[in-house]
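Good morning, and thank you for the time. I would like to take you through one structure, beginning with its cysteines and then turning to its charged pairs and its packing.

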Amino acid sequence: MKRVTLAMFGVGAVAVLVQVTMLRELLVVFCGNELSVGLIMGGWLLGVGLGALGARGLRRDGRFAGWTRHLLTMVPLALAGLLPLQVWWVRSVRLWLAVGAGDTVPFGPMLLTVLCVCLPSCVGIGLFFPLACEWGVKDRRRVDRDVAGMVSRIYTVEALGSMLGGVVFTFVLLPRLGPVQVMMVTAVVGVLAAACVAPWRMVRLGLLVVALVVAGLGAMPSRVAGVERAFVERRWAAFGVMGTTAAGRSRVRLAGSVDTVYQNLALIETEGHYALYGNGELRVVFPDVRGDELRVHPLMGMYPGAKRVLLLGGNVVGDIPELLKYGVEALVFVELDPGVVTLIRHVAPEAVAQALADERVTHVVSDGVRYVQQATGTFDVILVNAPEPSTAAANRYYTVEFFEGLKRLLAPDGIVITGVTASERLQDEASALGGMVYQALNVVFPIVKATAQTRTVLFAGARRILPDGTPRITFDRETLYARSRAAGVETTYFRPEWFLGAAEMDAAKSDLAERRLRDVAVAENRVTRPAACLATLKLWSRFSGSGIERLLAAVERVDVGWVKRGVWATGLVALLLGAVVRRCGGVRARDVWLRALMGVVLASIGFLSMAMNLLLVMAFQGVYGTVYARIGLIVAVFMLGLVVGAPSGLMVCRWRVGWRWAGLLSILIVLLLAAAAVPRVMLLVYRFMGHATLGRLLEGAFYLMIAGLGLLTGAAFPLANRLYADAGGSLGVASAVTDASDHLGAALGALLVGVVLLPVLGVDGVCSLLVALMAAALMVVLSAALVRR
């Protein structure tokens, strides 16, 4: 029993290391598209559920066949050996799918990739659990008397291993080791887990030697540096940014790569020019004097006399030197990701030093949203250079709440400048994306002007009339030409005459663009409902040929109120059927009904807990934007809740039958209340995130809710096992059915909520729907309680 317990602990740790590694790898390959989070979690849980169900097919005469015991050794070894192949597969998948440079992976190949990569490991993990429950104890009579206790202990040990794996990944492995070394640590843990349950002593000794050799190699970075670089270069070759000339010589090189709290960054050099990529998307190109001038000066022509400028993000070696050519007295540069400056400094130290050495420049390394929340003073010009709102993290820079924070920092005659990629003609999804940002600005600022071009540039501020009788924000090209010429800025490529021929500022074209952006029917882009993410998702679907924009549009047309009423009606029907079975059915019919409903109940709890977990992850991303680095910690905190919850549920199992049912009902009631509270907690955390002490305490509220969710899920598992056993279920069947129900329900929750409901309904809408689902689940539990023995 002890060796199986140790192996279960190791498999739990390996499982979370594999899961988090694959999640981070796939996020980069899919360009940070958070739709992939739901797909990955759903695919992972589906595989675990299928593995648990598959365990039932290995049973003969109520027991597992003898040869199945060897699977306990083979599964950890397979997990350890598959991970490097899985990572290589993921980093190569764009090549195999023939996805061109700059293109995005369509939904179908994305789903196929997730299933192919995750299913082998997940099926093994799902298979291991019931096998461990069956072979973990020699005393069968004691097991049959305490099914729930046995399953709960194995479940707790697995959760404890996963919790420790998540903590170690976040605080030990991620800051210090590269991906290859992390894979080697995972391999060592997997081999040790296999050694614990190997049937023969010589095999155990051999596995220990293998673990020591792998650990020794991993402890010497020089030994794995070449492999590490090969893995990184494989990723960027698949992105189409690295290749060779006809003579076979490399025309580009990888100048640097780093994982930050926000994303994976890579710096690619091509003949002295550098391109910086974040999660697979181009962020910065340098040196590019012409591009820098044509990016900065057309914007500053609106307010060339600005004295205080706030630059949120941007190119440190391109934007800052151009801005300092004006009579700026103070320039605050907030680097949204500190890894950007670190990488650029690595290849252009003199340019970075020169840009930041000016006494007028204040370099702030901080999250942009947090800085806006806690900054003081006012600025004449605020330039927002944020990534496109394709993720919840990037969407934070386009919400009504963020623009309200900018308004607080803006001088009375100041202007805010931001932009979003749309299209010159603003058709369909392009107009929806631009319209969401335009209308969010309009909620906060009295005047908003939009250019008519592929990237819509938005100017917002107060209706101020200058001494010369012209408004501060204007697209009159003669006025802008005069302002730029009067500034007397020396440039190489840009000339004030640029304004005279600027078609994007033509009065007729810009008025048409603004009318289109103003009139398009879209939801307000807010923290709790990232509507811009939905619009970006539709654009991605159209450009990639995925076709899911039609599905999303169909879901948008659905009346959520009718869906809620349908869910309540389903719960009521289950309750009425329970009353009929109680009155008319015999003992066997009642037991069958009870076991069926226990599977439904556990699947419902799995669905609801995973849906809530995804909601909290996306809420965390929408407020802090650091899920890329914190995903391991989030998983660990959830597992901590499971570790505490499973023994708590086991304790309730020892109480009287009525208390067991009351405990299960209480879990659902608390989940219902938590779902109703998530949007309010999210807004509260966002409002005070800039406060030093209170902000940290409220950040802890997210982790506390995730831990509480794990506690409730962990407590429900042994309770459902015990109630299933009360209706005549055995250990092997109970562990397989309940584990499969839990994971398959959670997989459905991840896919349905993460892929469809969350982008369309937002946090508010999904939470209201989950409240209805939990109410229906309460009625299902009451139906099961009616027919209990």
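A disulfide is counted where two cysteine sulfur atoms lie within 2.5 Å. With that cut-off in mind, consider C122: the cysteine sulfur closest to its own belongs to C118 and is 5.2 Å away, which is too far for a bond. C122 is also buried, at 0% relative accessibility. For C116, the closest cysteine sulfur is again one in C118, but here the separation is 9.8 Å, so a bond is ruled out by distance. C116 is partly exposed, with a relative accessibility of 40%. A search through the whole structure returns zero disulfides.

I should say at once that this is a predicted model. As for its general make-up, the protein comprises 789 residues, of which 59% count as buried. There are 27 helices and 13 strands. Of the contacts with a sequence separation of 6 or more, 76% are between residues 24 or more positions apart.

Let me turn to the charged pairs. How many salt bridges does the structure hold? The count is 17. I will discuss several of them, starting with one inside a helix.

R295 pairs with D292, and their closest N and O atoms are 2.7 Å apart. The two residues are three places apart in helix α10, which spans residues 289–300, so about one helical turn separates them. The general principle is that an α-helix has 3.6 residues a turn, so residues three or four places apart point the same way. The partners differ in burial class: R295 is partly exposed at 34% relative accessibility, whereas D292 is buried at 6%.

The next pair is E388 with R455, where the closest N and O atoms are 2.7 Å apart. This bridge connects distant parts of the chain, since E388 sits in the loop between β10 (379–384) and α15 (392–395), while R455 belongs to strand β13 (residues 455–461), 67 residues apart. Both partners are partly exposed, E388 with a relative accessible area of 23% and R455 with 31%.

A further bridge joins the side chains of R526 and E401, at 3.4 Å from N to O. Which parts of the chain does this pair tie together? R526 is in the loop between α19 (507–519) and α20 (531–544), and E401 is in helix α16 (residues 400–409), so the bridge ties parts that are 125 residues apart in sequence. Here R526 is partly exposed, with a relative accessible area of 28%, and E401 is buried, with 11%.

Salt bridges also link E25, R91 and R235 in a network. R235 brings us to helix α9, where it is listed among the buried residues, together with V224, E228, F231, V232, W236 and A238. Helix α9 covers residues 221–238, 18 residues in number, and reaches 25 Å from its first C-alpha to its last, close to the 26 Å expected at 1.5 Å a residue. Just after α9, G240 adopts a positive phi of about 85°.

I come now to helix packing. The axes of α20 and helix α21 (residues 549–557) approach within 9 Å and cross at roughly 145°. On the α20 side, the contact is made by L534, L537, K538, S541 and R542, and these meet E549, L552 and E556 in α21. Sorted by class, the contact has three nonpolar, one polar and four charged residues.

My last example is V437, which is part of helix α17 (residues 429–444). Is V437 buried or exposed? It is buried, with a relative accessible area of 0%. Leaving aside residues up to four places away in sequence, V437 touches Y398, F403, V420 and L458. Its C-alpha is also 7.4 Å from that of A532, although V437 and A532 are 95 residues apart in sequence.

To close, I return to two points. The search for disulfides found zero, and the structure holds 17 salt bridges, some of which I have described in detail. Thank you; I am glad to take questions.

How values were computed: Residues numbered from 1 in each chain as written. Predicted model: local features only at pLDDT ≥ 70, side-chain atom pairs only at ≥ 80, totals over all residues. Heavy atoms only, no water. Buried < 20%, exposed > 50% of the residue type's maximum accessible area, 1.4 Å probe, protein only. Helix = DSSP H or I, 4+ residues; strand = E, 2+ residues; numbered from the N terminus. Expected span 1.5 Å × (residues − 1). Salt bridge = Lys/Arg side-chain N within 4 Å of Asp/Glu carboxyl O. Axes fitted to C-alpha atoms, helices over the stretch in contact; angles between N-to-C directions. Contact = heavy atoms within 4.5 Å. Nonpolar A, V, L, I, M, F, W, Y, C, P; charged D, E, K, R; others polar.
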